[in-house]
Structure formats: C-alpha cells, structure tokens
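Work through these exercises with the model open beside you. Try each task before you read its solution.

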Amino acid sequence: MFDLPDSWVWDFWFADDGDRYHLFFLYASRALHDPDARHYRASIGHAVSDDLTDWARVDDALVRGDAPAFDDLATWTGSTVRHPDGTWYTFYTGSSLAGHGKNIQRIGYATSDDLLTWRKGSAPVLEAAAPWYETIDSGAWHDEAFRDPWVFPDPDGDGWHMYVTARAPQGPVDGRGVVGHAWSPDLRRWELREPVSAPSENGFGQLEVTQVAVVDGRPVLIFSCLAEHSMPSRRDERGGTWAIAADSVLGPFDVDSATRLTGEDLYVGRLLRRRDDGRWLLFAFRNVGDDGRFVGGITDPMPVGWRDGRLIVTEPVSVTGS
C-alpha cells in the first residue's frame, strides 16, 4: 500500500518509464481535520517503485497556481503520456472559483524531460462548452464538471484522444454524466468533440476518472461514481468503480451496461499492466472504512480478469487504515 502518515491520499495515476513505475497522487494535510476539506487543498505528489508494492516518495510534481490562474484553487486528477520526441506530458484538472463560489474545472498540462521536474503550460487547453457539455450556467449541478483527463494515442496513429469527466446539457439530472471527448494532433492543440457516451435513465451524474485499456484482448472503460451521484435505479448497487465492456477504446460506451468492479470502499480504480509478466492489475484508493469514515491511501495491486463478459477483481483486498 501507499500511505502518508500526515496526509490523506486519494485520486492517482501511473506512468511507466520502462525501468520504474511512477505514481502521481492527490494529497492534502490531515491537519485540516475534516477529510472533505481536502479537495480544495490538493497538490500532486509523486512516488516511484520497481515492483508496484514498495513506493519511495520523491519531490512533488505540481501545486496550484497563483490567482487568477485557472488552477488557483487546486490541481486535480490527470494522466501522463510520452510524446514520440521523448517529452512527457501530464494533463491535469485545474480548479478555480467563479461567481457565487462555484467550482469551474478546466484542463491544462505540464511537460517534463525526466518525469521529475515539471513545467506548466501557460493556459488551459480545454473547458466545457455548448452544445455538447453542461456549464455552470445551467444551475443543475454543484460544479462545472470537466475534469480527470485520460489521454491516449489513437490506435491507428491519428493523433491523441482525451476522455474527460463531463455532463451533457440535457437528460435526467442524475443521469447526465458522459465521457467527454477531445482530439489532438500533437498534445498541445486540442479540438473539443461530442461525447462518446450518452445520458441515461439508468446512468450516472458523473463518470469520474475514466480510463480505457485493452485487458486480455477486450477493450474496457472504467470509471467511478458513488450511489448518491447516480440515478435511483443504480443506488442499491452502492457502486464505487464501474466497468463497461466495449468494441473499441474509441467507444461508443453504453452506460446502461456498466457493471460494478468495486464497492464504495474502494474508489477511483486504475488499471495497469505489469511489465514483467503482462498481468493486468487494478489499484484504488481506500475510500470508506468499516466505521463509515474516509480512509485514504492506495491499495496494493489486485489482479483482474473477465468472467461471463464482465471485468472483475479476482483477488480483492480489504480496506484498512485510519
């Protein structure tokens, strides 16, 4: 497991440089006392490992900017990829407050030559916009959801794709969550496109921290959503992390077919293929303990596989810690 004794740790993502695994994670001081206050105090930490179990913390990757920057409230979840020229790009969520204290989320990036020292871009590259995406003006949701960028190369070599936690401007309020989509030829210029999923009466208010992978030959999208942010038809399932089997990593993704991968005790599932044996593994942060309180910290790897057309965790871990 990865824990910090003085800080809460939650959302995270990985990069593999071929020699070491890199873990980027959100953290905030426990001196806040209230774990719900962590979101607006988040920085992006960094740790490295040779085996995905023992982690050594290194210098932080990113912190929030100075006002009036687009990330002057907090830096949130993202993903890291390597350009063919060798440059590493971390795409991340920048959070800021608009009028009446409403949280606005935009996507920015930072670059690095070695995964250790990062240089932020000068401005955000994407934000929510009509006609495809709900903005704060709708008043339907507690924030302007446009975050958690997952960036990956086009399977046929045609640039790069980004999936984003977003919301459609129509449909049932608790079912408007969609997988937002953008495309880039070079990782610097981005074109907003229509979502690759649709609102649903059996859907979710937000599909947080999406990721696509081809696990044992089958494309799958995973995301996270708590019961309180889903349609009533989903609330008895008490889901945390969900999976959607698909025909392609480019979608479309049928949210009605989503099946639960973990309960609410484990949140923000991330898939990673282990380098030495090719085994697909799931990681998550420990969300809720037996006492109902937030835990924090990242699990050890959990093997996953397919059963009856569903992606499942074949060797679960328990939630422990405080």
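**Exercise 1. Follow the hairpin of β21 and β22.**
Find how many bridges join β21 to β22, and which residue there takes a positive phi.

Solution. This is a predicted model.
Step 1. Locate β21 at residues 302-307 and β22 at residues 310-313.
Step 2. Count the bridges: four join β21 to β22, and the two strands run antiparallel.
Step 3. Check one pair: V304 has V313 in β22 as its bridge partner.
Step 4. Look at the turn. Two residues lie between the strands, and D308 has a positive phi near 55 degrees.

**Exercise 2. Step to the other neighbour of β21.**
Find which residue of β21 stands opposite L282.

Solution.
Step 1. Go to β20, residues 280-286.
Step 2. Two bridges join β20 to β21, again in antiparallel fashion.
Step 3. Read across from L282: M302 in β21 stands opposite.

**Exercise 3. Order a four-stranded sheet.**
Put β11, β12, β13 and β14 in sheet order, then explain why one side of β11 and one side of β14 have no neighbour in the sheet.

Solution.
Step 1. The order is β11-β12-β13-β14, in an open sheet with antiparallel pairing.
Step 2. β11 (146-153) and β14 (191-193) are at the edges; each has a single partner strand, so one side of each has no neighbour in the sheet.
Step 3. From one strand to the next, the twist averages 30 degrees.
Step 4. Now take β12 (residues 160-167) and β13 (residues 177-184): eight bridges join them. Among the pairs, H161 has W183 in β13 as its bridge partner.

**Exercise 4. Map the nonpolar cores.**
Find how many residues the largest nonpolar core has, and which of them have the most contacts inside it.

Solution.
Step 1. Start with a general idea: in soluble globular proteins, nonpolar side chains tend to be buried together.
Step 2. The largest nonpolar core has 41 residues, and F2, F12, L23, F25 and I298 have the most contacts inside it.
Step 3. Trace the suppliers. Strands giving at least two residues each include β1 (7-16), β2 (21-29) and β20.
Step 4. Zoom in on F2. Beyond four places in sequence, its contacts include V9, L23, W55 and I298.
Step 5. Find the second, separate core: 19 residues, including I107, A128, L187 and W190.

**Exercise 5. Judge the whole chain.**
Decide how the radius of gyration of the protein chain compares with the globule rule.

Solution.
Step 1. List the elements: one helix and 22 strands.
Step 2. The radius of gyration is 18 Å, close to the 20 Å from the globule rule for 322 residues, so the chain is as compact as a globular protein of that length.
Step 3. Add burial: 57% of the 322 residues count as buried.

Notes:
Residues numbered from 1 in each chain as written. Predicted model: local features only at pLDDT ≥ 70, side-chain atom pairs only at ≥ 80, totals over all residues. Heavy atoms only, no water. Pairing = 2+ DSSP bridges. Axes fitted to C-alpha atoms, helices over the stretch in contact; angles between N-to-C directions. Core = buried A, V, L, I, M, F, W, Y, C linked by side-chain atoms within 4.5 Å. Buried < 20%, exposed > 50% of the residue type's maximum accessible area, 1.4 Å probe, protein only. Contact = heavy atoms within 4.5 Å. Rg over C-alpha atoms; globule rule 2.2 N^0.38 Å.
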